[in-house]
Amino acid sequence: MAKVSVNKHQPVYQMPTNPAAVRTKRYALPTKKYISIAMRHFFKSQIKWAAVPLLLIIINAAISLTGVYPNIWIYIVILVGVILYLLFWVIQFTGITQLEQYKPMFEKFSYEIDSRQILMKINAKEGSIMKWEQIQDVYKDKDSYILIISRGQFVHLPFSIFTSDHDVKVFERILKQKEFLTEK
């Protein structure tokens, strides 16, 4: 295996490329797109917690209607709490785009994807390997695939970076083999 490094602190061993791998054009994730995708994934993963403020509002409405303890301030507190919680996460995802340790997420990569791994290449000599085991989930949007690694970390692969429709179909077949996409 040839040793290549993404940066001077992190050596990466590049496996030999597979001639049957899906190769993509170079692509860099725009920071605004990152923030919108991260927030969308955050909402999907946190939707169950939306019941807490709704339950508090319903309980307060029931207490107010019965006349036991009429108040209006709890509605304001719940609304402010929800807004501050969402604002916290927007700031977190925006901050990630500014941190030096996350800069590699926004560099231009070309990808070589096969059933063993995803090879992310900065150039012909530098890159890193992502094993399929690292990926938690995959979403297919109207214009891209999103491979979720963890909260705030994902790989965004728009359809436009694939060189042909055949490559998109091969990539989709790999995702189905790995049981990330299901048949409709």
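Mentor: Before we begin, contact here means heavy atoms within 4.5 Å, and the structure we are discussing is a predicted model.

Trainee: How many helices and strands are in the chain?
Mentor: Read from the N terminus on, the elements run β-β-β-α-α-α-β-β-β-β-β-β-α. Counting the two kinds of element in the chain gives four helices and nine strands.

Trainee: What percentage of the 184 residues of the chain count as buried?
Mentor: A residue is called buried when its relative accessible area is under 20%. The chain as a whole exposes about 11,700 Å², with carbon and sulfur atoms supplying 63% of that area. Of the 184 residues, the part that counts as buried is 38%.

Trainee: How far apart are the end C-alpha atoms of helix 3, and why does that agree with its 24 residues?
Mentor: Helix 3 covers residues 73-96, and at 1.5 Å a residue its 24 residues should span 34 Å. Because the expected span is 1.5 Å times one less than the number of residues, the step count is one below the residue count. The model agrees with that expectation, the end C-alpha atoms of helix 3 being apart by 35 Å.

Trainee: Which helices are included in what covers the buried residues of helix 3?
Mentor: The residues to be covered are Ile74, Ile78, Trp89, Phe93 and Ile96, which are buried in helix 3. An α-helix has 3.6 residues a turn, so residues three or four places apart point the same way. What covers the buried residues of helix 3 includes helix 1 (31-46) and helix 2 (51-66).

Trainee: Which elements do the buried residues of helix 1 pack against?
Mentor: At 1.5 Å a residue, the 16 residues of helix 1 should span 22 Å, and the end C-alpha atoms agree, at 22 Å apart. Its buried residues are Tyr34, Ile35, Ile37, Ala38, Met39, His41, Phe42 and Gln46. These buried residues of helix 1 pack against helix 3, strand 7 (137-140), strand 8 and strand 9 (153-158).

Trainee: Is His41 buried or exposed, and which residues does His41 touch?
Mentor: His41 has its place in helix 1. Its relative accessible area is 16%, which lies under the 20% cut-off, and therefore His41 is buried. Leaving aside residues up to four places away in sequence, His41 touches Tyr139 and Ile148.

Trainee: Which element gives the most to the lining of the largest cavity?
Mentor: The structure holds one cavity of 30 Å³ or more, and about 50 Å³ of space lies in the largest cavity. Its lining is made by Ile37, Arg40, His41, Lys44, Tyr139, Asp141, Ile146 and Ile148, which divide into four nonpolar, one polar and three charged residues. Helix 1 and strand 8 (144-150) each supply at least two of the lining residues. The element that gives the most, with four residues, is helix 1.

Trainee: How many residues does helix 3 give to the lining of the second largest pocket?
Mentor: This pocket has a volume of about 380 Å³, and the elements that give two or more residues to its lining are helix 1, helix 2 and helix 3. The lining has 17 residues, and those nearest the centre of the pocket are Trp49, Ala50, Pro53, Val82 and Tyr85. By class, the lining has 15 nonpolar, two polar and no charged residues. Helix 3 gives the most to this lining, and its share is seven residues.

Methods
Residues numbered from 1 in each chain as written. Predicted model: local features only at pLDDT ≥ 70, side-chain atom pairs only at ≥ 80, totals over all residues. Heavy atoms only, no water. Buried < 20%, exposed > 50% of the residue type's maximum accessible area, 1.4 Å probe, protein only. Areas by Shrake-Rupley, 256 points an atom, 1.4 Å probe, with all protein chains shown as cover. 1 Å grid on protein atoms, 1.4 Å probe; cavity = no way out; pocket = protein on both sides within 12 Å on 5 of 7 lines; lining within 4 Å. Points joined across faces, edges and corners; volume = space filled by probe spheres on them. Nonpolar A, V, L, I, M, F, W, Y, C, P; charged D, E, K, R; others polar.
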